[in-house]
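Please examine the sequence and the three-dimensional structure shown below before reading the report.

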Amino acid sequence: MTATLDEARLDDTFAALANPTRRAILRRLAAGEANVNELAEPFDLTLPAISKHIKVLERAGLVVRSQRAQYRPCTLDATPLAAISTWAEQYRPVWEARFHRMDEYLHQLQQPRKTGEPDD
């Protein structure tokens, strides 16, 4: 797999997650498989609109549809979420260093001032 393919997959996953309806669909699927009607229940959207959201999630690899007779359940595939987690993890040292510097600064602010020191 090339870096370009990895980047494209991350782009697709982030784009799919950018929409609150799609995130809500994923939250529902985290509880177990569901069909389109079940996924549409909490929304004031048409079934075709929900289907479009599901297709975006499918293209991103976050949802898999299977078929059992007339029943076409959707299930969550969290693999792309693991890729996002791995991507975000590379920034952990940066944030930890920033939080450490902020802790040091806050600690300095809490130190009592010696009399005679000039005010800033």
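The report that follows treats confidence, one helix and its surroundings, a loop residue, and a pocket.

## Confidence in the model

The structure is a predicted model. Over the protein chain the mean pLDDT is 89, and 92% of the residues reach 70 or more.

Confidence can also be examined helix by helix. It is highest in α2, at a mean of 97, and lowest in helix α6 (residues 92–110), at a mean of 86.

## Helix α2 and its two ends

Asn19 is found in the loop between α1 and α2. This residue caps the N-terminal end of α2, with a side-chain oxygen placed 2.7 Å from the backbone nitrogen of Thr21. The side chain of Asn19 also has a polar atom 3.1 Å from the backbone nitrogen of Arg22.

Thr21 and Arg22 are themselves among the buried residues of α2. The others in that set are Ala24, Ile25, Leu26 and Leu29. Just after α2, Gly32 adopts a positive phi of about 140°.

## Asn35 in the following loop

A second asparagine, Asn35, belongs to the loop that runs between α2 (20–30) and α3 (36–40). Is Asn35 buried or exposed? Its relative accessible area is 18%, and the cut-off for a buried residue is under 20%; therefore Asn35 counts as buried.

The side chain of Asn35 places a polar atom 3.0 Å from the backbone nitrogen of Asn37. When residues up to four places away in sequence are not counted, Asn35 touches Tyr71 and Arg72. The description of Asn35 thus joins a loop position, a polar contact to Asn37 and contacts with residues farther along the chain.

## The largest pocket

Rolling a probe the size of a water molecule over the atoms shows where empty space is left. In this model, the largest pocket has a volume of about 200 Å³. Its lining consists of 10 residues, and those nearest the centre are Asp6, Arg9, Leu10, Pro80 and Ala83.

Which helices supply at least two residues each to this lining? They are α1 (3–17) and α5 (79–89). The largest share, 4 residues, comes from α1. By chemical character, the lining of the largest pocket comprises 5 nonpolar, 3 polar and 2 charged residues.

Note on methods. Residues are numbered from 1 along each chain as its sequence is written. This is a predicted model: local features need pLDDT of at least 70, side-chain atom pairs count only at pLDDT 80 or more; totals for chains, interfaces and linings use all residues. Side-chain values use heavy atoms; hydrogens and water are left out. Buried means under 20% relative accessible area, exposed over 50%, partly exposed in between (1.4 Å probe, protein chains only). A polar contact is a pair of N or O atoms within 3.5 Å; within protein, one must be able to donate a hydrogen and the other to accept it, and residues adjacent in sequence count only if both atoms are side-chain atoms. Contact means heavy atoms within 4.5 Å. On a 1 Å grid over the protein atoms alone, a cavity is a set of points where a 1.4 Å probe fits but cannot get out, and a pocket is an open set with protein on both sides within 12 Å along at least five of seven lines; lining residues have an atom within 4 Å of a point. Grid points are joined across faces, edges and corners, and a volume is the space filled by probe spheres set on the points. Ala, Val, Leu, Ile, Met, Phe, Trp, Tyr, Cys and Pro count as nonpolar, Asp, Glu, Lys and Arg as charged, and the others, Gly among them, as polar. pLDDT is the predictor's confidence in each residue, from 0 to 100.
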